[in-house]
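Please follow this walk through the structure, taking its parts in turn. Keep the sequence and the model at hand while reading.

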Amino acid sequence: MKYRLLAGGSVLVLTAALSACSTPSDSAGGDGRTTVDVWLMRDSVSDTFQKEFTADFEKRHPKIDVKIQIQEWDGIGQKITAALASNDAPDVIEAGNTQVAQFAESGGLLDLSDRTDELNGEDWLSGLAEPGAYEGKQYGIPYYAANRVVIHRTDLFEKAGIDAKAIKTREQWIDATAKLNKGGTQGIYLPGQLWYALAGFIWDEGGDLATESGGKWSGALDTPEALRGMAFYEELQALGKGPKDSDEDDPPQAEVMAQGQVAQVISTPGGANVIVEKNPELKGKLAFFPIPGKAAGTPGSVFTGGSDLVVPAAAAHPEEAVTFIKELTGDAWQKKLAVAMSYVPNRTSLASAVAGDPGAAAMAVGAAEGHATPNTPGWAAVEAENPIKDYMTAVLTGGDPAKASQDITRAMNAGS
């Protein structure tokens with residue numbers, strides 16, 4: 001099967017999908033005011049935050065009105081592609097951090113490289129900034145981040161005599177998990193296809209999912225570093241009863257932990273809310289710690305999910321768009337957003353903003369070691385088919401890791 005890792009594939013085509021795009025407001029009206037049109041994604045801001053930000057922005061910039069439209073994640077890639085190909089694109093679009101490269105390749109985004117200093121680019125989270133760049137130019141401005149942590153049962157840890165705060169290394173984590181994996185309790189529920197977790201373990205070993213050389217990308221799951229990452233995943237996964245042939249959504253791992261026999265899961269902190277909703281008896285019995293790394297001084301690497309803000313090349317008001325982005329990604333509103341939505345701020349220097357939120361604080365620690373998927377437009381095709389999941393199942397069900405990794409690497413490299 002061809003996964004087209006090396007292929008490009010993001011071409012702007014004006015299609016019927018344009019009918020899904022809204023029509024931005026006209027340029028400055030008779031009163032001299034300009035409306036900046038913005039697409040933000042569902043749940044990236046609350047209604048209250050949106051109203052407070054808009055009111056403050058318009059007060060600080062009396063000649064600019066803000067029109068925010070909330071978009072759904074389902075189908076957003078096609079909708080953004082259509083908007084970028086049109087003559088009526090919004091001025092600012094929120095895009096998933098791993099989507100930016102495919103939109104930039106098309107030529108549909110404004111190069112913001114010369115604005116990074118004024119947008120506080122000196123300490124952006126690398127997991128947002130790196131995928132926001134393409135071929136040496138910065139198109140995406142980091143907005144907010146989220147990553148996985150370990151959600152654990154404090155009562156089970158206490159019963160086993162384990163101090164979660166003392167778990168700083170992989171070795172300590174394995175020892176604790178093995179101790180918990182007794183008497184009908186699963187030390188950890190880790191499904192066999194949680195590939196984001198595997199990616200973190202591979203990055204810890206110095207490997208990657210794919211690498212670039214001479215402008216071409218190649219799969220890298222057959223490297224010694226990637227194989228060591230998979231070996232650690234296999235060791236950890238064995239300390240529970242997670243299925244080897246499905247991911248965290250089948251069955252939903254929060255629902256599995258809610259049944260009461262699981263000590264740990266790897267999840268975003270929001271998973272704890274779902275667990276308690278399913279089993280109110282666990283309220284007050286869940287806590288968080290960063291995924292441990294190989295050494296005590298460095299947390300484990302994590303996939304940094306989240307969003308970047310981009311400006312279409314066809315935006316009617318690019319300067320006003322940058323002004324909007326500067327405010328939303330600046331110190332004051334980043335701190336407020338982090339507290340309101342339990343997100344990780346876009347800059348490492350703002351991590352203290354979530355110190356009072358245990359889940360977000362654990363995320364912020366991990367975010368310092370955040371990574372993104374390979375920064376190539378072709379990665380979207382790989383992820384859509386996701387052969388990594390099949391590779392993981394092959395290894396976990398007894399397949400030879402070296403052969404399985406070579407097979408998947410050849411398949412990933414088949415496209416051109």
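The structure, which is a predicted model, holds 16 aromatic pairs. One of them joins Trp173 and Phe201: the ring centres lie 6.5 Å apart and the planes meet at 65°, an edge-to-face arrangement. The angle counts as edge-to-face because it is over 60 degrees. Trp173 belongs to helix 6 (residues 170-180) and Phe201 to helix 7 (residues 195-204), so this pair ties together parts that are 28 residues apart in sequence.

How accessible are the two partners? Trp173 is buried, with a relative accessible area of 0%. Phe201 has a relative accessibility of 1% and therefore counts as buried too, since the limit for that class is under 20%.

Trp173 also pairs with Phe232, and here the centres are 6.3 Å apart with the planes at 40°, so this pair is tilted. An angle of that kind is neither under 30 degrees, as in a stacked pair, nor over 60, as in an edge-to-face one. The pair of Trp173 in helix 6 and Phe232 in helix 8 links distant parts of the chain, 59 residues apart. Trp173 and Phe232 are both buried. Trp173 thus takes part in an edge-to-face pair with Phe201 and in a tilted pair with Phe232.

Elsewhere, aromatic residues form a cluster. Its members are Phe49, Phe53, Phe57, Phe324 and Trp333. Trp333 has a charged neighbour as well: Lys336 lies over the face of its ring, 4.2 Å from the ring centre. Another lysine is placed in this way over a tryptophan, with Lys79 over the face of Trp39 at 5.2 Å from the ring centre.

The next topic is the sheet. Five strands make up an open sheet with mixed pairing, in the order 2-1-3-13-6. Which strands lie at its edges? They are strand 2 (64-71) and strand 6 (141-146), each of which pairs on one side only. From one strand to the next, the twist averages 20°. Within the sheet, strand 1 and strand 3 (residues 92-96) run parallel and are joined by two bridges. Val38 has Val92 in strand 3 as its bridge partner.

After strand 1 (34-41) the chain enters a loop that leads to helix 1 (47-60), and Asp43 lies in that loop. The phi angle of Asp43 is near 75°, a positive value in a residue other than glycine. Is Asp43 buried or exposed? Asp43 is exposed, with a relative accessible area of 53%.

Asn120 offers another case of a positive phi in a residue that is not a glycine, at about 65°. The loop that holds Asn120 runs between helix 3 (100-105) and helix 4 (126-129). With a relative accessible area of 22%, Asn120 is partly exposed, because the value falls between the limits of 20% and 50%.

The last feature concerns the backbone at a proline. The peptide bond from Asp250 to Pro251 is cis, with omega near 0°. Where is this proline found? Pro251 lies in the loop between helix 8 (224-237) and helix 9 (253-258). Helix 8 appeared earlier as the helix of Phe232, which pairs with Trp173 of helix 6.

Methods. Residues are numbered from 1 along each chain as its sequence is written. This is a predicted model: local features need pLDDT of at least 70, side-chain atom pairs count only at pLDDT 80 or more; totals for chains, interfaces and linings use all residues. Side-chain values use heavy atoms; hydrogens and water are left out. Helices (H or I, at least four residues) and strands (E, at least two) are DSSP runs, numbered from the N terminus. Buried means under 20% relative accessible area, exposed over 50%, partly exposed in between (1.4 Å probe, protein chains only). Rings of Phe, Tyr and Trp (its six-membered ring) pair if their centres lie within 6.5 Å; planes under 30 degrees apart count as stacked, over 60 as edge-to-face and the rest as tilted. A charge sits over a ring if NZ of Lys or CZ of Arg is within 6 Å of the ring centre and within 35 degrees of the ring normal. Two strands pair if DSSP finds at least two bridges between them. Axes are lines fitted to C-alpha atoms, for helices over the stretch in contact, and angles run from 0 to 180 degrees between N-to-C directions.
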